[in-house]
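Student: I should like to understand how the terms for this structure are justified. May we take them in turn?

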Amino acid sequence: MELLQLKYFCDAARSQNFTKTAEKYDVPPSNISQSIRRLEKELGAALFTRCANSVFLNENGKKFYDRVSQALGILDSAVAEASDDGERGRINICVNTNRRIVMTAVEKFQKLYPRVTIKAKFFCDPLSEGFDIVVSDFDARLNSFKSRELLSERLAVAINKHSDLSGVRDFNVSMLESQPFISLNESSSLYKLTVQVCAKHGFSPNIVVQSDDPFYVRKCVDLGLGVAVVPMFSWKGQFSDSVVLKPIDGMTRQSFIYTAVDRYQPECVNKFTQLLISECNEERSN
């Protein structure tokens with residue numbers, strides 16, 4: 001039983017996809033399959049149920065994964081802690097909200113700590129890989145992570161100033177039932193908030209444009225292609241003068257910093273977390 005073999009197994013157990021594990025470790029998929037077959041033979045028990053082109057972790061696999069992942073976590077933590085000088089390391093971040101603020105913090109942090117490598121992935125499954133930090137709205141899947149609130153901010157509707165609705169004094173979201181909406185993709189918190197806001201006012205949004213990039217959401221509103229539900233603080237100053245923001249009463253977006261607690265956290269992770277919180281506080285005070 002080899003260490004790399006166990007790492008292959010744990011990664012495949014999380015993704016339940018040998019091809020994804022092979023891509024992560026830059027080896028042919030057959031290497032992963034053969035490695036896990038040898039492991040199963042050594043244990044005398046199947047760990048995966050195989051059917052057609054899919055694999056599923058079975059009950060033996062789940063029990064084995066629980067123990068092995070803990071053991072690997074302890075080993076990785078010991079190695080990381082022994083070599084941690086606070087000036088170097090690697091931070092793996094999942095950014096599902098507040099991308100502008102997070103990336104501003106990344107830029108500042110890398111100037112302070114040039115020997116720290118930061119990898120950021122946007123709008124993805126926070127459990128898809130071993131993220132050190134997840135910036136997201138509330139996510140029940142992250143109940144094993146430590147969480148702290150990063151932001152609580154009001155929501156608004158962004159409307160092109162040439163729209164008849166832009167000058168309405170007693171604005172209400174229900175007035176938007178017939179309007180086209182612009183949003184980020186369906187995995188984003190902005191999309192979920194758009195659906196929630198409209199549902200609260202008795203209708204489903206007619207989303208005509210979806211984008212992976214907040215810049216194009218703002219650009220579409222700027223061009224008058226539709227309206228968008230947006231967080232007021234983190235998108236502050238991001239629209240042109242052609243856009244009017246109409247605050248939405250009684251609705252806010254809460255964002256959290258989730259940090260992994262099942263393994264040793266390098267000092268650079270703690271330093272980045274503090275810088276990110278400071279960045280938000282600094283922007284609030286300006």
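Student: What volume does the largest pocket have?

Tutor: The volume of the largest pocket is about 1,500 Å³, where a volume is the space filled by probe spheres set on grid points joined across faces, edges and corners. The model is predicted, so local features need pLDDT of at least 70 and side-chain atom pairs count only at pLDDT 80 or more, while totals for chains, interfaces and linings use all residues. Residues are numbered from 1 along each chain as its sequence is written, and side-chain values use heavy atoms, with hydrogens and water left out.

Student: What makes a residue part of the lining of the largest pocket?

Tutor: A pocket is an open set of points, on a 1 Å grid over the protein atoms alone, where a 1.4 Å probe fits, with protein on both sides within 12 Å along at least five of seven lines; a lining residue has an atom within 4 Å of a point. The lining here has 39 residues, and R14, K24, E129, G130 and R263 are the closest to the centre. Helix α4 gives the largest share, 8 residues.

Student: Why are β4 and β9 said to stand at the edges of the sheet?

Tutor: Strands (E, at least two residues) and helices (H or I, at least four) are DSSP runs numbered from the N terminus, and two strands pair if DSSP finds at least two bridges between them. The open sheet has 6 strands in the order β4-β3-β5-β10-β6-β9, with mixed pairing. β4 (116-122) and β9 (228-231) each have a single partner strand, so one side of each is left without a neighbour in the sheet.

Student: How do you know that β5 and β10 pair?

Tutor: Strands β5 (residues 133-136) and β10 (residues 243-259) share 4 bridges, in the antiparallel sense, and the criterion asks for at least two. One of the bridge partners in β10 is I257, opposite V135.

Student: What makes a set of residues a nonpolar core, and which members touch the most others in the largest one?

Tutor: Such a core is a set of buried (under 20% relative accessible area, 1.4 Å probe, protein chains only) Ala, Val, Leu, Ile, Met, Phe, Trp, Tyr and Cys residues joined through side-chain atoms within 4.5 Å. The largest has 23 residues, of which I91, I93, F109, I118, I133, F272 and L276 touch the most other members. Helix α8 gives the most to this core, with 6 residues. A second, separate core of 20 residues includes Y8, A12, Y65 and L72.

Note on methods:
Buried < 20%, exposed > 50% of the residue type's maximum accessible area, 1.4 Å probe, protein only.
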